[in-house]
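Me: I would like to go through the packing of this model, question by question. Please give the cut-offs as the terms come up.

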Amino acid sequence: SWKGLFYQRVRWIFGNLQCIGFHLRRKGALVGTRISGFPMFAYENACKAPVEFLRASVPFGVALGWLPIDVLYGYVGLFLLFFISVKVSFGVENEPLPRFLDLVVYYSLCPIFFILPYSAAIWKFLVGANVTWRRD
């Protein structure tokens, strides 16, 4: 169910935030870390959702007149880079390429839906609330 998926995402993000918090509190937490290790994990789980949400909001900002049309050119350029990386990745793995429309929807709409459970998890993490397991 949608409710179950939402709550599962909240639990997952909350757990990752707890992991980030635990490792940052360790003595010498970031000494000797590589970009592919803890910093990348922290970026993916603490920063990526808001950045992706802002990126996905660009067409809406342009349509409402809040952003200049030039920003949309950068958005389209990022989409083309995304499309090329997907095409290369699927080619390396010998997988069939998803339909172009599916990629457009994934690139433009999914971050808007991901921000909701992310925001709930951040709020619970910051106020010290607990996220428990429960049945749907």
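Me: Which helix gives the most residues to the largest nonpolar core?
Reply: This is a predicted model, in which local features need pLDDT of at least 70 and side-chain atom pairs count only at pLDDT 80 or more, while totals for chains, interfaces and linings use all residues. Residues are numbered from 1 along each chain as its sequence is written, and side-chain values use heavy atoms, without hydrogens and water. The largest nonpolar core (buried Ala, Val, Leu, Ile, Met, Phe, Trp, Tyr and Cys joined through side-chain atoms within 4.5 Å; buried is under 20% relative accessible area, exposed over 50%, partly exposed in between, 1.4 Å probe, protein chains only) has twelve residues, including Y7, F14, A49 and I115. Two or more residues each come from helix 2 (38-56), helix 6 (110-127) and, with the most at six, helix 1 (2-25); helices are DSSP runs of H or I, at least four residues, numbered from the N terminus.

Me: Which residues does I115 contact, leaving aside neighbours within four places in sequence?
Reply: I115 is itself a member of the largest core. Contact means heavy atoms within 4.5 Å, and with those neighbours left aside I115 touches A49, P50 and F53.

Me: Is F113 buried or exposed?
Reply: F113 lies in helix 6. Its relative accessibility is 56%, so F113 counts as exposed.

Me: Within what arc do the buried residues of helix 5 fall?
Reply: In helix 5 (residues 100-108), the buried residues are L103, Y107 and S108. They line one face of the helix, because seen down the axis (directions from the axis to the C-beta atoms) they fall within an arc of 110 degrees.
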